[in-house]
Amino acid sequence: MTIYSLYIYDRHCACVYYQDWHRTKQPKRAGEGGGILNAVSQAVSPLATDSAAPTPSAFSSPRNTLSSTSGLVVAVGEDPVTPLPNPAEHARSNTLPFDEEAKLVYGVVLSLRNMVKKISGRDEQFTSYRTSSYRLHLYETVSGYKFIMLSDAATDGLRFVLRSIYNGPFLEYVVRNPLVPMDSRSQGIDNDYFRASIDRLVRGLSVFN
């Protein structure tokens, strides 16, 4: 099993947290005014100017920054027919800025979830889908937060991992932390303890690569 990345979205459809483990290509930082919230991830936050250096995070894990040898590109190009292209197309496409990538990932999930409800009824839940190169996993809370994880195609369902992230680090370091603004529409939920706890949980999986 190889886990590529994790996205968390709030009930306002905004990406409030991002973390990766095995991406093969670094996403572009979000553009100025692109709509990404503060404190989503230092690795993808917009720079003040093109020449400005990235602001280092207090969290020292090597997975806190994205390197060219750390994972799968999630969304590239602007092909409306193939929202998440296969890896063979990556070399011929330009990587999207992270704010556009986050919107694209959320849009794919929302579209598929709505399609499942229309075809199978409101009681049917969309939890994952698989392509030849990756698998997307979804866990949604009653409060509207969506936890989305991307893994290799051979991985079994990871809803239990996403549920563990919600019941563990998310409740402990976000919901019960009065210093973390929730539903602020202006601030993400990234903090050192939350990021480190997720990193330990994911790396602790017995089949994590």
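In the predicted model, 5 strands form an open sheet with the order β2-β1-β5-β4-β3, and their pairing is antiparallel. The edge positions are taken by β2 (15-20) and β3 (128-130), each of which has a single partner strand, so that one side of each is left without a neighbour in the sheet. On average, neighbouring strands of this sheet are turned by 10° against each other when direction is ignored. Helix α1, comprising residues 98-120, packs on the sheet and touches β1, β2, β3, β4 (135-140) and β5, with its direction making about 80° with that of β1.

Strand β5 (residues 146-151) is joined to β1 (residues 3-9) by 6 bridges, the two strands running antiparallel, and 6 bridges likewise join β4 to β5, again in an antiparallel arrangement. Met-149 in β5 illustrates this placement between two partners, since Leu-6 stands opposite Met-149, and His-137 also stands opposite Met-149.

With regard to solvent accessibility, 6 of the 6 residues of β5 are buried, so this strand is largely enclosed by the rest of the structure. Both of its faces are covered, with Lys-146, Ile-148 and Leu-150 buried on one side and Phe-147, Met-149 and Ser-151 buried on the other. The hairpin formed by β4 and β5 has 5 residues between the strands, and within this hairpin Gly-144 adopts a positive phi near 95°.

How values were computed:
Residues are numbered from 1 along each chain as its sequence is written. This is a predicted model: local features need pLDDT of at least 70, side-chain atom pairs count only at pLDDT 80 or more; totals for chains, interfaces and linings use all residues. Side-chain values use heavy atoms; hydrogens and water are left out. Two strands pair if DSSP finds at least two bridges between them. Helices (H or I, at least four residues) and strands (E, at least two) are DSSP runs, numbered from the N terminus. Axes are lines fitted to C-alpha atoms, for helices over the stretch in contact, and angles run from 0 to 180 degrees between N-to-C directions. Contact means heavy atoms within 4.5 Å. Buried means under 20% relative accessible area, exposed over 50%, partly exposed in between (1.4 Å probe, protein chains only).
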